[in-house]
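Got your viewer ready? Let's walk through a few places together, one selection at a time.

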Amino acid sequence: MPPKPKFTKEEVIATSIALIAEKGTESFSAREIAKKLGTSVSPIFTAFGNMDNLESEVREAIMCRFNAHLKKAAAYKPAFKEVGIRMVRFAKEEPELFKMLFMTENAGEKAPEIVFGNLGEMEDLCINLIRRDYGLERSDAIMLFQHVWTYTYGICAMCASCVCTFPEEELFKRLGVQFYAIMTFIKSGKANIQTPVPEFSSEEAARHGQMWQELRKED
């Protein structure tokens, strides 16, 4: 009969999350978790078998916390804007947990259609809120969600990485302008318009090269 584990799976997961929140994703190792638990690494491998299994369950637990934070936005109007605000707040308040969910390196690059479609409850929540509050068709709601989420993710990444922070008033403004711009574009029926692809211009290159040479002479 296998020995009874010293710690439950829930205790190991909770300790792992606390460790990541305190010291970052780099601290996520059997040795560091065991040290925080005050034990050897044996209980970790007894409970999970390997670190990949533990990491999967830790990510799932963090995602549940993240989604629970976002779900409360349904009681607000405009709800989708509140989702964005809560997403940025999470990145500010729990930067290491945000990084664990959305900024750790994947085994390989993923196409947008794979990333979007695998965001779980949050994605379904946002699409349903957009349809509820703005009466968009599902395809338009998905397009709006993907564009605005991409923009919001950029702000979150900047905050989580301490590149830049945004006061709440500035955040309200930026998310509002982005949302309104995409919404207007979609409702205009031009959301699928083909925009110009930048092409190399030898004339422009020559002109800028000449300008650069003149500036260097002045120096």
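Our first stop is helix H6 and helix H9. H6 and H9 are oblique to each other, as the angle between their axes is roughly 135°. To see this pair, select residues 95-102 for H6 and 138-160 for H9; the two axes come within 10 Å. The crossing in which H6 passes H9 is left-handed. Please keep in mind that this is a predicted model.

Now show the side chains at this contact. On the H6 side, pick Pro 95, Phe 98, Lys 99 and Phe 102; on the H9 side, their partners are Trp 149, Tyr 153, Cys 156, Ala 157 and Ala 160. Colour them by class and you get eight nonpolar residues, one charged and no polar ones.

Next, stay with H9 and bring in the second largest pocket, since H9 is among the elements that give two or more residues to its lining. The others are helix H5 (79-93), helix H8 (121-134) and helix H10 (168-187). To find the centre of this pocket, select Phe 80, Lys 81, Gly 84, Val 148 and Phe 179, which lie nearest to it among the 16 lining residues. The space inside is about 150 Å³. Which element gives the largest share of the lining? That is H5, with five residues. By class, the lining has twelve nonpolar, three polar and one charged residues.

From the pocket, follow H5 to its packing with helix H4, residues 51-71. Here the axes are 9 Å apart, at an angle of about 140°. That angle makes H4 oblique to H5, and their crossing is right-handed. Select Arg 65, Phe 66, His 69 and Leu 70 in H4, then Val 83, Arg 86, Met 87, Arg 89 and Phe 90 in H5, to display the contact. This set holds five nonpolar residues, one polar and three charged.

For the last stop, keep H4 on screen and add helix H1, residues 9-23. Their axes come within 10 Å and cross at roughly 75°, which makes H1 roughly perpendicular to H4. From H1, select Lys 9, Val 12, Ile 13, Ser 16, Ile 17 and Ile 20; these meet Leu 54, Glu 57, Val 58, Ala 61, Ile 62 and Arg 65 of H4. Eight of the residues in this contact are nonpolar, one is polar and three are charged. Leave Arg 65 highlighted as you finish: this residue of H4 takes part in the contact with H1 and also in the contact with H5.

Technical notes
Residues are numbered from 1 along each chain as its sequence is written. This is a predicted model: local features need pLDDT of at least 70, side-chain atom pairs count only at pLDDT 80 or more; totals for chains, interfaces and linings use all residues. Side-chain values use heavy atoms; hydrogens and water are left out. Axes are lines fitted to C-alpha atoms, for helices over the stretch in contact, and angles run from 0 to 180 degrees between N-to-C directions. Helices (H or I, at least four residues) and strands (E, at least two) are DSSP runs, numbered from the N terminus. Angles under 35 degrees count as roughly parallel, over 145 as roughly antiparallel, 65 to 115 as roughly perpendicular and the rest as oblique. A crossing is left-handed if the near helix is turned anticlockwise from the far one by less than a right angle, and right-handed if clockwise. Contact means heavy atoms within 4.5 Å. Ala, Val, Leu, Ile, Met, Phe, Trp, Tyr, Cys and Pro count as nonpolar, Asp, Glu, Lys and Arg as charged, and the others, Gly among them, as polar. On a 1 Å grid over the protein atoms alone, a cavity is a set of points where a 1.4 Å probe fits but cannot get out, and a pocket is an open set with protein on both sides within 12 Å along at least five of seven lines; lining residues have an atom within 4 Å of a point. Grid points are joined across faces, edges and corners, and a volume is the space filled by probe spheres set on the points.
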